[in-house]
Every structure is written in structure tokens, then in C-alpha cells.
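Colleague: I would like to go through this model with you. Please tell me how each word is earned.

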Number of protein chains: 4
Amino acid sequence: MIIILNESANDEQVDHVVAKVAELGLDTTVSKGSFRTVIGVIGDESLIQPDQLEAIPGVAQVVPVMPAYKLASREAHPKASTIEVGSGKVSPVKIGGGYLAMIAGPCAVESAERMDAIASSIRDSGANILRGGAFKPRTSPYSFQGLAEEGLEILRDTGDRYGMPVVTEVVDPRLVDLVCQYTDMIQLGARNMQNFVLLTEVGKTDKPVLLKRGMSATIKDLLMSAEYIMAQGNSNVVLCERGIKSFDPATRNLFDIAAVPQIQELSHLPIIVDPSHATGRPELIPPCALAGVAAGADGVHIEVHNKPEDAMSDGPQALLPEQYAEVMVQIRKVAEVMGKQISKPAAATV
Amino acid sequence: MIIILNESANDEQVDHVVAKVAELGLDTTVSKGSFRTVIGVIGDESLIQPDQLEAIPGVAQVVPVMPAYKLASREAHPKASTIEVGSGKVSPVKIGGGYLAMIAGPCAVESAERMDAIASSIRDSGANILRGGAFKPRTSPYSFQGLAEEGLEILRDTGDRYGMPVVTEVVDPRLVDLVCQYTDMIQLGARNMQNFVLLTEVGKTDKPVLLKRGMSATIKDLLMSAEYIMAQGNSNVVLCERGIKSFDPATRNLFDIAAVPQIQELSHLPIIVDPSHATGRPELIPPCALAGVAAGADGVHIEVHNKPEDAMSDGPQALLPEQYAEVMVQIRKVAEVMGKQISKPAAATV
Amino acid sequence: MIIILNESANDEQVDHVVAKVAELGLDTTVSKGSFRTVIGVIGDESLIQPDQLEAIPGVAQVVPVMPAYKLASREAHPKASTIEVGSGKVSPVKIGGGYLAMIAGPCAVESAERMDAIASSIRDSGANILRGGAFKPRTSPYSFQGLAEEGLEILRDTGDRYGMPVVTEVVDPRLVDLVCQYTDMIQLGARNMQNFVLLTEVGKTDKPVLLKRGMSATIKDLLMSAEYIMAQGNSNVVLCERGIKSFDPATRNLFDIAAVPQIQELSHLPIIVDPSHATGRPELIPPCALAGVAAGADGVHIEVHNKPEDAMSDGPQALLPEQYAEVMVQIRKVAEVMGKQISKPAAATV
Amino acid sequence: MIIILNESANDEQVDHVVAKVAELGLDTTVSKGSFRTVIGVIGDESLIQPDQLEAIPGVAQVVPVMPAYKLASREAHPKASTIEVGSGKVSPVKIGGGYLAMIAGPCAVESAERMDAIASSIRDSGANILRGGAFKPRTSPYSFQGLAEEGLEILRDTGDRYGMPVVTEVVDPRLVDLVCQYTDMIQLGARNMQNFVLLTEVGKTDKPVLLKRGMSATIKDLLMSAEYIMAQGNSNVVLCERGIKSFDPATRNLFDIAAVPQIQELSHLPIIVDPSHATGRPELIPPCALAGVAAGADGVHIEVHNKPEDAMSDGPQALLPEQYAEVMVQIRKVAEVMGKQISKPAAATV
């Protein structure tokens with residue numbers, strides 16, 4: 001940690017900072033430049049909150065030199081992690097470390113028939129994890145909020161029959177146990193990326209977690225949220241870039257493709273992309289999916305619906321099953337160029 | 001609702017849209033222009049999710065003409081609402097409709113002594129509601145997370161002795177009842193503005209709610225979140241502009257002052273400003289507080305701490321008690337120009 | 001300047017950085033921390049481009065400690081500057097150092113009659129500088145581009161008759177001389193804030209310059225552009241906050257009110273606000289104008305048009321003359337609270 | 001064009017709008033809904049400025065239904081354009097319509113020796129157009145501003161010897177003729193994307209133009225700037241996505257990969273990507289370059305320097321020649337998957 005003082009900082013203020021750092025158990029080196037004084041902190045800077053130093057009169061800026069996330073960092077774990085999702089009937093699908101997750105399915109679970117039709121089709125196209133929401137976080141209190149436990153049952157049953165592990169979102173800390181009874185992977189949505197209560201509860205489970213980036217979260221914010229989960233003991237975190245806020249209203253969000261290599265540099269956790277939410281428009285999903293794989297992502301999450309205009313949520317950002325089949329053909333070719341493999345799900349029993 | 005079709009949309013697609021709208025129980029008028037066809041929806045458009053129409057092939061854009069928030073809108077309630085906070089020992093403080101809330105206090109409740117010292121000072125300066133966090137949503141799992149119930153007890157006791165209603169944040173739906181036992185007003189923080197589970201729980205209580213704008217929430221998003229609370233029956237919602245994300249790293253957030261008159265045009269709910277979080281730097285708090293009052297805000301929320309460098313959270317964005325006293329002198333003058341009153345808290349018993 | 005190395009940086013890389021800095025004529029101090037090595041640069045860091053150091057293998061981050069703008073900085077000129085605009089018939093109006101500029105007029109000069117009517121009205125309301133565009137930077141090549149020299153003549157003549165100094169925009173380096181023959185103050189628009197060729201040409205004149213902030217310019221960027229003008233010898237620069245890009249499409253731009261006190265802390269140059277461009281909606285102009293004055297701005301720029309629907313440019317963001325009169329009544333009251341004066345223009349001859 | 005009135009709009013206001021549109025030569029249809037009145041404009045809406053209608057009392061919103069750019073739109077020219085750059089010694093390189101531009105070279109032309117070394121290397125790796133700046137727009141007036149005409153001479157000579165067409169930036173309308181004497185393609189930089197004077201001058205030439213997206217320009221803004229050039233008669237415009245402003249300071253800009261398919265949907269003009277400026281960090285350039293090609297871009301622009309720490313501008317965002325060679329190997333494989341070709345430059349004479 002480096003503490004830069006104001007040009008006008010006096011000796012008393014310098015001494016005050018040094019004393020404060022000493023009180024927190026660390027050493028300092030003081031360098032008086034021709035323009036400003038700079039104080040270097042020696043030791044484990046995680047013992048200090050930058051806030052406390054910034055609040056001292058005379059301090060201009062505090063520059064941390066260690067990442068604030070420890071468990072999630074590459075320093076802590078130089079080798080890329082491979083996370084396994086599913087067991088038993090839906091034998092494990094690998095994500096990361098050279099394996100691509102191909103997550104697909106409707107935004108919300110709507111009925112057993114629709115779920116079956118979609119699962120059957122996307123499995124044929126090469127998807128290896130089935131998604132579907134049972135609890136939907138909607139911006140309007142008057143919108144469809146999901147089928148709740150009935151949705152979880154349908155999702156589990158469909159996954160089992162098609163040999164596909166399933167992922168579904170949890171939005172309420174009181175329901176984490178219930179959701180865990182049904183799902184192979186827990187999704188934390190963008191709006192809950194900094195719901196620290198929920199992160200903590202999910203961290204207490206041993207389920208793999210799909211943590212979506214908040215729409216105004218920096219990459220550091222995302223890694224700090226992964227750290228919350230990991231600090232509770234659950235290291236099976238898969239990150240997901242799904243678009244961030246921007247000034248151009250042309251797309252729902254802005255797909256931050258450069259987040260993929262940045263996260264891979266800073267962290268050992270797998271990072272996948274979600275071009276459905278990132279763009280909100282079906283014609284943009286295939287090119288952005290391919291871009292994700294070419295940028296080195298560890299998987300692609302795409303919403304698929306067989307009748308978007310009847311979808312109870314987010315219809316306009318879903319691909320049709322036949323469109324999904326087409327993009328998967330191209331994804332496979334780019335994956336090959338990148339030297340990546342796509343785990344196959346277990347055998348279907350239907 | 002107006003449905004604009006693609007230039008290339010054919011008659012079959014037009015008929016499909018008309019049929020879909022009819023299926024949802026509403027009428028349409030079709031206008032064929034020289035360039036595009038436009039379909040107007042006649043009736044209560046809240047019965048339709050724009051999503052469903054956007055997903056129909058041939059539809060270019062769906063433009064709602066009614067606000068999606070009903071209870072929060074000016075149309076529903078043309079007169080500005082006045083919300084009352086506190087009762088009994090801390091007899092009600094009015095917010096909105098000509099009355100300014102002056103909310104102040106430390107970021108977190110740290111000890112009874114500190115709380116007492118701060119409350120005593122800010123009350124003298126003219127603050128009328130006391131704030132202090134007992135449950136702190138922190139970006140790092142390793143940071144101080146608040147004193148929990150002990151913090152609530154200290155806050156309640158301090159408020160009672162100084163005759164000041166108190167406001168504190170709730171972050172967990174399981175703790176809403178507990179927090180309600182101690183507080184006069186519930187705060188929902190920026191990171192929880194779209195925590196719909198929490199909004200719903202808070203909506204079931206009858207406590208006034210201080211709903212802070214999310215850092216990437218549009219004004220419409222904020223009003224939709226207020227609608228969530230109101231849809232459960234709790235109409236006592238006070239909104240708070242506290243800065244949004246921007247590209248300039250110079251300040252922690254960007255203070256969106258124009259949100260104040262915009263919200264007052266769209267909604268009857270009071271809107272206050274929080275220059276502490278909006279700027280994150282004490283020297284910017286006084287000018288931004290004055291700007292808020294001059295722009296017509298219904299109150300000002302400022303963090304005050306008597307030793308910022310020892311603050312367990314957010315020290316650098318707090319004013320010292322004497323700085324708060326100074327800005328309150330100016331705030332009172334601007335409030336007078338604006339024709340606004342500042343409710344006095346009840347008599348202190350200390 | 002502080003150079004932070006990567007955790008993995010080796011001794012050879014440290015030596016390389018030290019040698020590079022020495023080659024550029026400056027000294028260094030090297031501090032080896034437990035986690036990273038940090039190199040402090042001693043001497044005039046403006047001799048070094050951070051770029052050059054960042055490109056050296058092993059360097060993680062370069063943190064400048066001196067402002068890159070020298071002439072524009074508070075350090076260079078601790079007292080707030082007062083700029084005088086106009087001479088002769090339109091005797092000087094002061095801006096900064098306690099004096100407020102009240103700049104008003106139509107977006108574009110459209111005709112002598114309209115200019116006369118508007119000038120007469122806004123002068124009565126208290127405006128002290130008259131604006132009007134003769135060369136309009138329009139986003140569409142098919143839109144009205146201004147009356148060119150005829151517009152300059154009308155503006156000059158109107159200003160002279162009403163005793164008001166005039167300000168008009170220049171968009172072409174080839175026309176700086178022409179525009180200077182007619183105007184008392186040169187405006188550089190937001191889209192030209194980083195048109196360095198134009199900044200340089202304007203810097204060679206002795207006319208006061210109204211430099212508008214670009215819609216994606218940081219405060220530092222704005223001060224660097226002021227520096228461009230000042231480096232050519234023209235120190236008469238007045239800055240203008242006019243809204244920046246944001247994710248909320250509700251307003252044309254986002255009014256960054258906190259930029260006012262920030263700029264006053266960093267620079268001695270006056271900073272005014274332009275709520276017309278910052279919001280783009282007439283109902284938001286008065287509250288934002290008052291907010292600007294309350295935040296300490298050195299003036300307010302408002303577009304006024306007597307028939308907005310016939311305006312050849314930007315009609316929807318103009319106030320009517322009677323609306324301008326109303327807001328000026330309130331502005332004067334807030335200005336009094338702030339202890340600011342409004343220079344009166346010279347006597348009118350009409 | 002669709003005009004949506006306020007809920008409170010009265011008949012007189014409706015009549016006023018209808019009369020105004022008639023005055024501008026177009027017809028209307030009026031639809032009175034249960035909540036609002038909507039007026040459709042029939043005819044060529046480009047005759048109307050939305051501004052003029054928005055300024056009429058009672059008008060809530062004006063929704064254009066035709067693109068404001070005509071020449072640049074897909075409607076005007078359904079087939080993707082192929083632009084040819086270079087002639088004679090540097091026989092034409094194709095961009096668009098299945099052909100990829102591979103533009104590379106240093107940020108600034110620094111010396112004949114360095115230019116030669118870089119050109120030789122990148123040509124071997126597969127680059128087909130050579131870049132180098134002779135006039136540099138720098139944010140600081142104290143930074144290196146380019147070698148001017150000497151730089152143009154070196155660039156021309158190097159391109160000729162290696163059979164590579166050259167592209168260089170123009171920043172001053174007075175120098176367009178000079179630059180055209182030396183270059184095969186004119187670059188307009190991000191900061192000049194809305195320098196309408198410069199766009200107009202460049203539009204009068206017949207040189208292909210590389211138009212970079214401004215860092216806060218929407219996709220529509222970019223196409224409007226292309227329209228400026230095309231409206232003067234020059235249709236040889238190649239667009240370039242080079243990153244936009246964002247709230248995350250982790251990268252210099254945010255690479256908007258989804259802009260590629262969006263622009264290809266809206267316009268016939270080629271669109272290339274520039275991962276150097278988009279990310280500002282060499283380790284992110286290769287993954288973002290591959291992502292660009294996978295997303296369907298018509299080319300890739302990468303800065304290459306053989307000693308970045310000595311670069312006079314933007315060293316930290318350049319690849320080393322050997323890094324460029326590596327990424328080109330991968331780019332070729334992804335290009336093959338996408339079915340794209342890379343034009344070869346003419347034979348070198350060195």
C-alpha cells in the first residue's frame with residue numbers, strides 16, 4: 001500500500017500517518033520527493049482499510065498494491081480451476097481449464113412440455129447444462145415471477161431425463177436450501193451480485209455457483225463478490241460476463257468482451273459469457289457467442305425458447321432451437337481453433 | 001402502447017401482431033405509413049408485457065405510453081406526498097410537500113459514546129433524523145459488517161434520548177421484523193434497490209422506507225422499485241439520489257442533481273439527496289448539499305463522524321460535526337429562498 | 001511520479017526502470033516492500049511521459065503526483081481568476097472571483113428581429129452576456145448549419161445596441177480571425193473540446209474563451225484542454241459544465257454538478273454551468289440553474305428563444321423569455337446567499 | 001415519425017401539431033387512445049427536424065421511424081460494400097464484403113529506420129496496410145505532436161518499398177490536401193469523429209477514409225458522421241470500433257464488440273476493430289483481435305512497435321512484432337472459420 005500525501009502536507013501529518021499504520025501493526029518507509037511525500041506500507045496490507053488512511057488530513061490518495069480478493073486471485077492459485085457440475089444421472093460437466101460450458105435453456109421454466117421440447121433440441125445441438133428460472137427477479141411487481149418449487153421440479157426432472165446437469169437462480173436466502181435440493185449449480189443473478197447476505201448463504205453450500213456480473217460492477221467488484229462466496233468455504237465459483245450499463249440505448253447492455261482475458265489474468269476461476277443478456281437481441285447473440293469463445297471464454301450461456309412471443313419472460317433475447325443449432329456448429333469450429341473441449345452430458349433416458 | 005414494425009414487415013406479420021394483442025384483450029388501430037406500419041394499442045396497456053410483442057417477427061420497437069409504475073406516479077396522486085417519520089418520544093418529522101428531512105449520523109453505529117456525541121452535535125445544528133448502520137453491506141467479506149442487534153439498541157436509545165427519529169438499513173429479509181422493532185424508518189441501500197425479495201418484505205411493514213437509488217439504476221428503475229414496496233401496501237416511500245456510476249474516477253459516484261426535478265415531475269413521492277455517497281469526498285459535500293436544496297430536494301442525508309480516521313466504515317466521506325454545523329447554516333438560507341420548512345425533532349431528554 | 005512494479009518483477013527490470021528514468025534526467029528511490037517494489041521519481045516529473053515507463057516490462061502502474069496541467073492549476077495561481085469580457089460600448093462584464101456571468105440567448109442567430117427581441121427581454125431580466133451561434137456543429141449534414149458571417153454581424157450589432165458583450169462559437173481554425181473580428185468571447189463547443197488544432201488557434205488570440213466540457217471528458221481532460229489554450233499565451237479561459245454521457249436516456253446529458261467545486265479546488269479558472277445542454281428539457285433548466293449557483297458556479301448559461309418550435313436548432317431546450325425572467329429572480333436570491341455579484345452590462349442605446 | 005402527446009394534451013395542441021406538420025409539407029393521421037393521442041406523420045420524415053416538434057407544448061416524445069443517415073444505411077445499399085485501398089505500387093487491398101483489412105504499424109512515425117523495421121516484420125506476418133501517425137492529437141500540449149510532413153514522407157516511402165498501402169491521420173482541415181498527397185487512406189481519429197468541418201473536407205476528396213468511433217459516440221452518431229463524409233460525395237468510408245468510455249478504470253476504453261454485427265445490420269459500410277486503443281494493454285490485444293474477427297469484423301487494426309518503451313506515443317498499447325506474428329497465426333484460423341479472405345499487398349521492392 002502506498003500513501004500519497006497532499007503537496008501541502010506538513011511533518012505533523014506525516015507523523016500522524018506513520019503512527020496510524022504502526023497502530024495497525026505495520027511498518028512504513030517515508031520518501032520525501034520534491035513535490036510530495038510518499039509513504040510506503042511494509043507488511044500485509046489486508047490488515048488496513050484504505051478508508052481509514054484516506055480519512056486522515058493531509059492524505060491525497062491511497063494506492064493498494066495487493067489484490068483485495070485473495071482466494072479468487074491468480075496469485076493464490078496460479079493454475080486455472082476446473083469446476084465440475086452435476087453427478088449421478090447427470091455425470092459431471094467440466095468448466096474451465098480447457099473445458100467449455102454450453103449452458104442453454106429458457107429464461108423461465110414455464111411448463112414440463114416446453115422444457116422437454118427445448119431440452120431435447122439443445123442437447124442435440126451440443127448444450128451440456130440446462131438452465132431455467134423458477135424464481136424470476138422482475139423489475140415490475142406485476143410481471144410473472146416464476147413457478148417456484150413447481151418450476152424446480154420440472155427442471156430437475158427434465159435434466160435427469162436428458163442427462164444434463166441443471167442450473168437455476170436463487171434470489172432469497174431463505175430458499176437456498178430448497179433450491180439446492182433440486183439443482184446442480186446455483187445461479188446468482190446480476191442484480192444480486194452484491195447481495196452479500198445471499199452470497200454468504202450460497203457460500204455455505206457445496207454447490208457450484210454461477211455468479212453473474214452486475215451491470216455496473218467493475219471486474220474487481222465481481223472478484224470481490226466471488227471472494228465472499230469462497231470465504232465461506234465454497235470454491236466452486238464460475239463467473240459470467242453478461243453485459244454492463246452503457247450510454248448507447250441500442251442494446252440492452254454492453255457486452256464487455258475484454259473482461260474475459262482480464263479475469264483470466266487476475267483469477268483462476270472460469271469465466272463464461274452470456275450474449276443473450278449482454279445484447280438482448282437475437283441477431284446479435286451468434287456473433288457475440290463466437291467472439292466470446294475466440295476471446296478465450298470458458299463457456300457460453302444462451303437463452304433458447306421455442307416460441308419467444310409466448311415466453312413469460314425475456315422472449316426477445318432468446319434464440320429459437322434451430323438458431324441455437326446453427327450457432328453451435330460455428331462455436332465448435334472456433335473452440336477447435338482455441339484448443340478447447342466441450343464435455344458431453346450423460347446419456348439421456350428418453 | 002405503440003408498436004412500430006420493420007420496414008420489411010408483411011401483412012401476415014401485421015395480422016399476427018393484431019391477433020396477439022386481441023388475444024390479450026385489447027384493441028388496435030393500424031396505420032400504414034409510406035415507410036413503416038405502426039400499430040396503436042387501445043386500452044389498458046399494463047395488461048401487456050412489451051417483451052411479448054417485441055419477440056414477434058416483424059416488430060421493430062414497442063413504445064409504452066403509460067408509466068409502468070402506477071402507485072408511484074404523479075398521475076395516480078397529483079399532490080406531492082408528505083411522509084411522517086417517528087412517533088411517541090420522537091414525535092413525527094415531515095418529509096415532502098414543503099418539508100425537508102435533515103438526516104445525519106455516522107455510517108455505522110460503533111459505540112454508544114460515539115453515537116451520543118454525534119447525535120448531540122448534529123441535533124444542535126438542525127438535523128431532525130438520526131442515522132446509523134447496524135448491518136453494513138461491505139464489498140469485502142473481510143471488512144467490518146456492523147454491530148447487528150447491539151447497534152440497533154444503541155441507535156434506538158440514542159434517538160429516544162435526543163428526541164430524534166432514527167433510520168437504519170436492513171439487508172436481510174429474515175431480519176426485517178427485528179429491524180422494525182428498533183427503527184422509525186427502514187433504509188434500503190443502493191446495492192439492494194433491485195433486491196425484489198427485500199423490497200417485498202419491507203412493503204409488508206408500515207414503516208416509512210428510505211429507498212436509495214442503485215448506482216446504475218435509471219429514474220424509471222428507481223420508481224419501479226418504489227412500486228414494488230407500494231404494491232405490498234406500504235406507501236410511505238422516500239426516494240434518495242446518492243450518485244450513479246460514471247466514467248470519471250475523480251469522485252466515487254456522479255451526483256445526478258437533475259434526478260430531483262425529474263422525479264418530482266413523474267412521482268408524488270419525496271426525493272432527498274445524499275451528497276456523502278454521491279461524492280465520497282468531504283470537501284464536495286457542502287456545495288452538493290446546497291445544490292440539492294436549491295434544485296428542490298425534500299431533504300439532505302449527510303454522514304457525520306467525530307473522528308473519520310477511526311470510522312469503521314466510509315470515514316473519508318463524513319463531515320466533522322463542526323463542518324456539518326457550518327453547512328446547515330447555509331442550507332437554512334437556501335431553504336428559505338425555496339420556501340421550505342425543516343421539521344424540528346421532539347424535545348431531547350438529555 | 002511513483003512506479004509500482006509487478007509482484008514478479010526481477011532485479012534486472014528494476015535496474016532497467018531506474019536507468020530509463022536516469023536517461024530522462026531524474027533521480028529515483030527504490031523501496032522493496034514485502035509484496036512489490038515501488039520506485040519513486042525525484043524531480044520534475046513533467047519531463048517524463050508515463051507511457052514510456054508503463055511500456056517497460058515489469059511495470060504494473062505509474063502514478064503521477066503532479067497535475068499534468070500547470071498553467072490551469074491552483075498550485076500555479078492560488079487566487080481565483082476573474083476574467084473580463086467585452087470593452088468599449090459593451091464595457092467589461094466580470095466572471096469569477098465573486099462575479100457571476102449570466103449568459104443567455106438563442107442557440108443559433110436566426111434573424112436580426114428575433115435577436116433583438118430576445119436580447120431586449122433577457123437584458124431586462126438580468127442577463128449580462130448575449131449568446132448566439134453563427135456556425136452550428138450539427139450531427140446531421142442535412143440540418144441548418146448557421147447564418148455564418150451574416151449571423152456574426154447580427155450578433156455584434158445586437159450586442160452593441162444593448163450594451164451586452166457577445167459570445168459565439170468557432171468550429172473551424174480557418175475562421176478564428178473572422179470570428180474574433182465580431183465577438184467579445186469565443187466559445188469552443190463540447191464536440192471540439194479535444195480539437196487540439198482549434199484550441200491552439202484560439203490560444204493565439206487574446207479573446208476570452210468559453211471552453212465547454214466534452215460529453216465524455218473527465219475533469220482532468222477539461223483542464224488539459226484549457227492548458228492547450230493557455231500554453232499559447234491566452235489565459236482568459238472560462239470553463240463550462242454542460243452535461244456528460246450517462247446510461248439513463250431520460251435526459252439528453254447528465255448534469256455533473258459536483259464538477260463545479262472540484263474544478264474550483266483544482267484550478268483558478270472560473271467555471272460556469274449550462275443547464276440547457278446538460279438537461280435538454282426546459283422544465284429542468286430552472287432547478288438545475290439554481291443548483292449550479294448554490295454549488296458555487298461562477299455563472300449560468302441558458303438558451304432562450306421566443307418561439308422554440310420555430311427555432312432552427314435545439315428549440316426544446318430553450319426557455320421562453322418570461323421563463324428566463326422567473327428563474328433570474330430566484331437566481332439572484334441564491335446568488336445573494338452565496339455572496340456573489342452579477343456585473344451589469346453597459347447602457348443600452350436602444 | 002410518430003408524435004406522442006402528453007396525457008394532458010388538449011385538442012388545440014393536437015391541431016397545432018397537425019398544422020405544423022402540414023406547414024412542413026407532410027400529412028398526418030391522428031389516433032386518440034384511451035390514455036394519449038398519437039399522431040403519425042405520413043411522407044418523407046427527413047423534411048422535419050424532430051426538435052421542432054418536440055418544442056411544441058403538449059408533445060411528449062417524437063419517435064423517428066426512418067434512419068437519419070441515408071447514404072450509409074443498408075436500406076440505401078443492401079449489399080455490403082467493398083472498399084479498395086491503394087493503387088499503383090501498392091496495388092489495391094480490399095476491405096469488406098468478405099475481405100479483411102489487416103492494418104498495423106506504430107502509433108507515430110518516428111524515424112525511417114524504425115518504420116522500415118516494423119513494416120518488414122508485420123508484412124511478413126500478414127499485415128496488408130501500414131499505419132503511422134505524422135500529426136498526433138495529444139491530450140497534453142507538452143507531448144510529442146508528430147513529425148508532420150517529414151513523417152508523411154517516411155510513411156509513403158516505406159509503404160512503397162514494401163508494397164503496402166498506407167493510412168495516416170489528418171487533424172487539421174487546412175492540411176487535408178497535403179496529407180492526401182502522401183497517403184492511400186485518411187484516418188479520422190476518435191476525438192475528431194464529430195469535427196464536422198474536418199469530415200466535410202475529407203468528404204470532398206476521393207481517398208478512402210478510416211473513421212474511428214468517438215469514445216462517447218453511439219452507433220447512430222458514428223453512422224451520422226459517415227453520412228457527413230458521404231454527403232460530400234466520398235462513399236469510401238471504413239468504420240472502426242476502438243472502444244468507448246466506461247465506468248471501469250481497468251482498461252483504457254471498453255471494447256464494444258457487439259457494435260460490429262449491429263453496424264453490419266444497419267449499414268453497408270465495412271467495420272473493423274482496433275483492440276489496441278480499445279483496451280490499451282498488450283496482453284488483451286490478441287484475445288480481443290480474435291473476438292473481433294469471430295464477431296464478423298471486416299478487419300483488425302493493431303499498433304506494433306519494436307521498442308515500446310522508446311515509443312514517442314502510446315507505447316504501452318503496442319504489440320511487439322513477434323507478438324503480432326503470433327496473433328496473426330490465430331487470426332488466420334478464425335478468418336477461415338468465418339469464410340473471410342485477407343488481401344495480399346503488392347510485391348515488396350526491398
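Modeller: Start with exposure. Buried means under 20% relative accessible area, exposed means over 50%, and partly exposed lies in between (1.4 Å probe, protein chains only).

Colleague: Why is C:Glu23 called exposed?

Modeller: Its relative accessible area is 60%. Exposed means over 50%, so C:Glu23 is exposed. C:Glu23 lies in helix α1 (residues 11-23) of chain C. Its C-alpha atom is 15 Å from that of C:Gln13, 10 residues apart along the chain.

Colleague: What sort of model is this, and how are things numbered?

Modeller: It is a predicted model, where local features need pLDDT of at least 70, side-chain atom pairs count only at pLDDT 80 or more, and totals for chains, interfaces and linings use all residues. Residues are numbered from 1 along each chain as its sequence is written, chains are lettered from A and ligands numbered from 1 in the order in which they are written, and side-chain values use heavy atoms, with hydrogens and water left out.

Colleague: What makes helix α6 of chain D largely enclosed?

Modeller: Helices here are DSSP runs (H or I, at least four residues), strands likewise (E, at least two), numbered from the N terminus. Helix α6 of chain D covers residues 196-203, and eight of the eight are buried, so the rest of the structure largely encloses it. Among the buried residues are D:Phe196, D:Leu199 and D:Glu201. The buried residues of α6(D) pack against α5 (176-182), β10 (185-188), β11 (209-212) and α7 (219-231) of chain D.

Colleague: How do you know that chain B and chain A are in contact?

Modeller: Contact means heavy atoms within 4.5 Å. By that rule, 48 residues of chain B are in contact with 49 residues of chain A. The area buried between chain B and chain A is about 3,800 Å². Buried area is the accessible area (1.4 Å probe) that two parts lose on being put together, summed over both. Carbon and sulfur atoms give 50% of it. B:Tyr142, B:Arg174 and B:Glu309 supply 17% of what chain B buries against chain A, more than any other three residues.

Colleague: Why is the pair B:Lys245 and A:Asp221 called a salt bridge?

Modeller: The rule asks for a side-chain nitrogen of Lys or Arg within 4 Å of a carboxyl oxygen of Asp or Glu. The closest N and O atoms of B:Lys245 and A:Asp221 are 3.8 Å apart, so the pair passes. Across the interface of chain B and chain A, the rule finds six salt bridges.

Colleague: How many salt bridges are there between chain C and chain A?

Modeller: Zero. Still, 20 residues of chain C are in contact with 20 residues of chain A. Together chain C and chain A bury about 1,700 Å², 67% of it on carbon and sulfur atoms. C:Phe35, C:Val65 and C:Phe247 supply 27% of the area that chain C buries there, more than any other three residues.

Colleague: What makes the relation of chain C to chain A a two-fold axis?

Modeller: Copies are superposed by least squares on the C-alpha atoms of residues with pLDDT of at least 70 in both. Chain C can be laid on chain A with an RMSD of 0.0 Å by a turn of 180° and a shift of 0.0 Å along the axis. That is the relation of a two-fold axis. In chain C, the C-alpha nearest the axis is that of C:Phe247, 2.1 Å from it. The same surface serves both copies: 100% of the contact residues of chain C recur in chain A.
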